[in-house]
Amino acid sequence: MKDKIKGIIESSVLRAHKSKELPSAEFPDIEVEVPKIASHGDFSTNIAMVAASVQKMPPRKIAEAILKHIEDPGHILAKTEIAGPGFINFFISTGAWHPVLRKIHQEDVTYGASNLGQGKKIQVEFVSSNPTGPLHVGHGRGAAVGDSVANILRCCGYDVQKEYYINDSGRQINTLGQSVYLRYKALLGEEIQFPQECYQGDYIRDYAKDILDRKGKALLDQDEAQSILFCARFAARRIISEIRKDLSDFGVEFDNWFSEQSLYDTGKVSAVVEAFKDKHIIYEKEGALWFKTTDFGDEKDRVVVRQNGQTTYFASDIAYHMDKFARGFDRVIDVWGADHHGYIPRVTGAVEASGLSRDRFNVILVQLVNLLREGEPIAMSTRAGEFVTLNEVVKEVGRDAARFIFLTRHYDSPLDFDLELAKKKTNDNPVFYVQYVHARISSILRKGRERGMREFGWDKTAAEMLQEPEELQLIKTMGRYPEVVEDSAKYMEPHRITFYLMELASCFHAYYNKHRVLTDDPTLSKARLCLVLAVQKVIRNGLSLLGVSAPDKM
RNA sequence: GCGCCUGUAGCUCAGCUGGAUAGAGCAACGGACUUCUAAUCCGUAGGUCGCAGGUUCGAAUCCUGCCAGGCGUACCA
């Protein structure tokens with residue numbers, strides 16, 4: 001509908017210029033918005049004000065000229081007016097709204113989809129937690145955001161891949177091996193000193209026990225380094241499979257699991273270091289190799305190979321991002337915790353250094369999660385092994401509630417996650433508020449079938465009976481859905497969907513409380529069934545982008 | 001010190017991509033179930049958009065400075 005208004009304005013402006021009523025041929029992009037106040041119409045444009053300086057005319061005069069040349073072949077306009085400093089307001093005739101319902105019924109699961117992405121390959125990498133322990137709530141937020149962003153982009157015509165990067169190399173893996181090995185030795189009765197930097201959680205003991213069950217005390221008879229490596233690989237493999245399961249229980253499935261170690265095994269890390277040395281982007285100083293990230297806006301240069309010859313995490317990160325683009329992605333999106341924000345300049349620098357445009361790489365920084373119970377903070381410390389895992393949260397509050405709550409804030413805003421609140425079935429907890437719409441409508445449809453109604457789809461004559469303000473409000477709100485999806489794709493902001501769904505749900509509940517769908521008038525009942533079924537489809541489509549289920553009963 | 005993020009109703013947050021009278025939920029108060037699910041709805045009340053300047057027809061939104069909070073600032077990951 002908005003596009004139609006845009007088209008009308010555009011052609012009118014051209015005609016006004018041709019007839020010399022508007023001197024300049026220069027026109028700004030036409031912005032059309034839905035005014036906050038209903039009395040300002042269904043749509044409004046500020047073009048007359050924005051064009052004032054170019055046209056050298058007062059805004060209201062420009063608006064008059066535009067309105068004079070308006071043509072409306074489809075008869076969708078009920079009224080137009082000039083208001084305030086020069087806004088042009090458009091009032092859509094009631095009958096023009098009904099076809100929105102036809103569109104929803106026709107397009108069904110694809111209502112809201114678009115070709116914004118034109119099939120471009122785009123990768124979303126998220127979670128990518130180190131395989132040294134279970135996922136905690138913070139990872140859950142990253143998972144919800146990343147998964148949803150990927151879903152939304154896919155819905156908008158991008159060819160999306162969801163990827164998980166496994167940091168299965170380097171020091172923390174060695175530390176993991178050491179932690180397990182020490183616990184293993186302790187199980188065999190040896191006196192051990194368990195260092196602070198080792199992983200303290202109970203899961204470490206479980207792995208040690210499993211190794212003992214499987215291998216007996218064989219590990220003591222061989223070279224220690226070899227045993228530690230064995231423990232490391234064993235534990236990492238176990239942790240990854242548990243992470244995979246936790247994510248699966250959370251409704252997140254990745255298209256690809258990418259191993260950091262593979263970058264070393266295939267020589268990609270050393271290749272990129274050599275290549276950048278040749279380009280003088282990497283240089284030697286004090287026995288270490290440095291990447292000149294200051295050339296790309298970083299505060300200082302960063303080490304890629306240490307004095308002792310070991311590569312840093314940054315080295316494999318460079319190779320990793322090179323590899324992503326080599327795999328043919330037009331755009332690469334990383335979802336990181338906000339505590340990693342200092343890494344943006346250096347990774348962006350690496351992307352730019354290899355000749356790629358920096359806007360092909362985006363980082364979504366997700367702020368941290370504060371876990372609460374009844375408003376009281378739950379202390380968490382990863383090092384001490386005391387944390388609430390994602391799995392525990394999902395078990396306690398349910399996957400739908402957890403996912404939805406993670407998406408009720410802009411990712412830039414810190415999130416308080418209250419376990420008790422998440423379980424409450426009240427309006428504090430908007431998941432159920434939205435899901436309830438779906439369930440209620442299912443119930444109406446069931447009742448309708450019991451009464452012998454069969455066809456709930458689009459019917460022009462019936463639909464035109466929908467004249468109640470609440471009905472038109474619902475249709476108008478549903479008409480906005482495709483634009484909401486596009487905007488959340490453009491800005492990579494899933495919370496826009498969440499807020500939209502709450503608004504649509506609110507419109508529906510208000511309607512439900514005021515009007516009956518199943519009435520004595522068969523045509524009216526048919527019209528209303530067509531309406532509520534459309535609402536159900538939009539709710540279902542939106543929830544699916546968030547990875548939340550749409551239940552038929554609650 | 002420097003960098004990034006945040007500051008909007010009592011609380012939790014939208015709005016920040018300049019637009020008209022700044023919104024929602026919760027909490028408070030008052031109402032609505034013999035009806036398709038009350039996990040719902042209707043109404044009342046609640047504001048110096050952190051502070052001060054600037055940009056312009058117009059600022060919560062953009063710019064500058066200041067104040068407060070969070071995070072970061074490793075040859076750690």
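Start by selecting helix 20 (residues 469-479) together with helix 22 (residues 495-514): their axes lie 10 Å apart, and the packing angle is about 160°. Since angles over 145 degrees count as roughly antiparallel, helix 20 is therefore roughly antiparallel to helix 22. Keep in mind as you go that this is a predicted model. Turn the pair in the viewer and look at the handedness: helix 20 and helix 22 make a left-handed crossing.

Now put side chains on that contact. From helix 20, show Glu470, Glu471, Gln473, Leu474, Thr477 and Met478; from helix 22, show Tyr500, Glu503, Leu504, Cys507, Phe508, Tyr511 and Lys514. Colour them by class and you get seven nonpolar, two polar and four charged residues.

Leave helix 20 on screen and swap its partner. Bring up helix 23 (residues 522-546), which packs against helix 20 at about 35°, with the axes 11 Å apart. The crossing of helix 20 with helix 23 is left-handed. On the helix 20 side, pick Glu471, Leu474, Ile475 and Met478; what they meet in helix 23 is Arg528, Leu531, Ala534, Val535 and Val538. By class, this contact comes to seven nonpolar, no polar and two charged residues. Glu471, Leu474 and Met478 are worth a label: they take part in the contact with helix 22, and they also appear in the contact with helix 23.

Next stop, the second largest pocket, with a volume of about 1600 Å³. To find its centre, select Lys2, Val34, Phe43, Arg480 and Glu483, the closest to it of the 46 lining residues. Which elements give two or more residues to this lining? They are helix 1 (2-18), strand 1 (32-33), helix 5 (94-97), helix 6 (99-107), helix 20, helix 21 (481-490) and helix 22. Highlight helix 21 in particular, as it gives the most to the lining, with six residues. Colour the whole lining by class and the split is 20 nonpolar, six polar and 20 charged.

From the pocket, jump to helix 9 (residues 202-215) and helix 10 (residues 224-249). Their axes come within 11 Å and cross at roughly 120°, so helix 9 is oblique to helix 10. Check the handedness here too: helix 9 passes helix 10 in a right-handed crossing. For the contact itself, display Tyr203, Tyr207, Asp210, Ile211, Arg214 and Lys215 on helix 9, then Phe230, Cys231, Phe234, Ala235, Arg238, Ile239 and Glu242 on helix 10. This set holds eight nonpolar, no polar and five charged residues.

Last, go hunting for enclosed space. How many cavities of 30 Å³ or more are there? The count comes to one, and the largest cavity has a volume of about 30 Å³. To see its walls, select Val145, Phe406, Leu407, Arg409, His410, Tyr411, Pro494 and His495. By class, that lining has five nonpolar, two polar and one charged residue. One of the residues there, His495, brings you back to where you began: helix 22 covers residues 495-514, and His495 is part of the cavity lining.

Definitions and conventions. Residues numbered from 1 in each chain as written. Chains lettered and ligands numbered in written order. Predicted model: local features only at pLDDT ≥ 70, side-chain atom pairs only at ≥ 80, totals over all residues. Heavy atoms only, no water. 1 Å grid on protein atoms, 1.4 Å probe; cavity = no way out; pocket = protein on both sides within 12 Å on 5 of 7 lines; lining within 4 Å. Points joined across faces, edges and corners; volume = space filled by probe spheres on them. Nonpolar A, V, L, I, M, F, W, Y, C, P; charged D, E, K, R; others polar. Axes fitted to C-alpha atoms, helices over the stretch in contact; angles between N-to-C directions. Helix = DSSP H or I, 4+ residues; strand = E, 2+ residues; numbered from the N terminus. Parallel < 35°, antiparallel > 145°, perpendicular 65-115°, else oblique. Left-handed = near helix turned anticlockwise from the far one by under 90°. Contact = heavy atoms within 4.5 Å.
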